[in-house]
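User: I would like to go through this model with you and ask what stands behind the labels used for it. Please set each value against its cut-off before you conclude.

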Amino acid sequence: PPLELLRQYQDFRGFYDRDKFFWKVVQDAVICAACAPPGGGRNPVTPRLLRHFNTFCIPSPNESSLKLIFEAIVGGFLNDFPAPVKQCAEGIVAASIEIYRRMSTDLLPTPAKSHYVFNLRDLSKCIQGVLQADSGIIR
């Protein structure tokens, strides 16, 4: 497995070349990794690999933090639009966050029906779609 190759590098600072039968030393390399909790197709990371890393957990932002972040983004983008459109920024963000919240709580995967696991990237992509609006067309 690919994670075992990373563990081998961390333990021995190199890899064994199975074609030419010699040890390849890797120098001056830094590994920075990120992962999500196991589930939805993700496997747990073994303790043999985790022992080489400093781990910390970043909790998911709460709803008020999401609103603050995305209202700033959408509000800044809508500055070039007419006043009635600018006033929609809060409603657009609130509706997007509500849809995201409902999808991530109501559409959970089950063993019989595994499907996509919704995350913050989906909300971000939704907002990016809003940012494709053209101020010359929307009045």
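Analyst: Let us begin with the largest pocket of this predicted model, where helix 5 gives the largest share of the lining, namely four residues.

User: Which other helices supply at least two residues of that lining?

Analyst: Besides helix 5, at least two residues each come from helix 1, helix 2 (47-50), helix 3 and helix 6 (120-130). The space in this largest pocket amounts to about 1400 Å³, and among its 37 lining residues Ala 34, Cys 35, Ala 36, Pro 37 and Ile 58 are the closest to the centre.

User: How is the lining of the largest pocket divided by class?

Analyst: The lining has 26 nonpolar residues, with seven polar and four charged ones beside them. Ala, Cys, Pro and Ile count as nonpolar, so the residues closest to the centre, Ala 34, Cys 35, Ala 36, Pro 37 and Ile 58, belong to the nonpolar class.

User: Why is the contact of Arg 7 with Asp 11 called a salt bridge?

Analyst: The term requires a side-chain nitrogen of Lys or Arg within 4 Å of a carboxyl oxygen of Asp or Glu. For Arg 7 and Asp 11 the N to O distance is 2.4 Å, so the pair meets that requirement. The two residues are four apart in helix 1 (residues 2-12), which means that about one helical turn separates them. Arg 7 and Asp 11 also belong to a network of salt bridges that includes Glu 4 and Arg 51.

User: What makes Arg 7 buried, and Asp 11 partly exposed?

Analyst: Buried means under 20% relative accessible area, and Arg 7 has 10%, so the label buried applies. Asp 11, at 25%, falls between the 20% limit and the 50% above which a residue is exposed, and therefore counts as partly exposed.

User: How do you know that Glu 63 and Lys 67 form a salt bridge?

Analyst: Their N to O distance is 3.9 Å, which is within the 4 Å limit, so this pair also qualifies. Glu 63 and Lys 67 lie four residues apart in helix 3 (residues 63-77), about one helical turn. Glu 63 has a relative accessible area of 35% and Lys 67 has 28%, and each is therefore partly exposed.

User: What is the distance between the closest N and O atoms of Glu 98 and Arg 102?

Analyst: These atoms are 2.8 Å apart, and the pair forms a salt bridge within helix 5 (residues 89-106), its partners being four residues apart. In total, the structure holds seven salt bridges.

Terms used. Residues numbered from 1 in each chain as written. Predicted model: local features only at pLDDT ≥ 70, side-chain atom pairs only at ≥ 80, totals over all residues. Heavy atoms only, no water. Buried < 20%, exposed > 50% of the residue type's maximum accessible area, 1.4 Å probe, protein only. 1 Å grid on protein atoms, 1.4 Å probe; cavity = no way out; pocket = protein on both sides within 12 Å on 5 of 7 lines; lining within 4 Å. Points joined across faces, edges and corners; volume = space filled by probe spheres on them.
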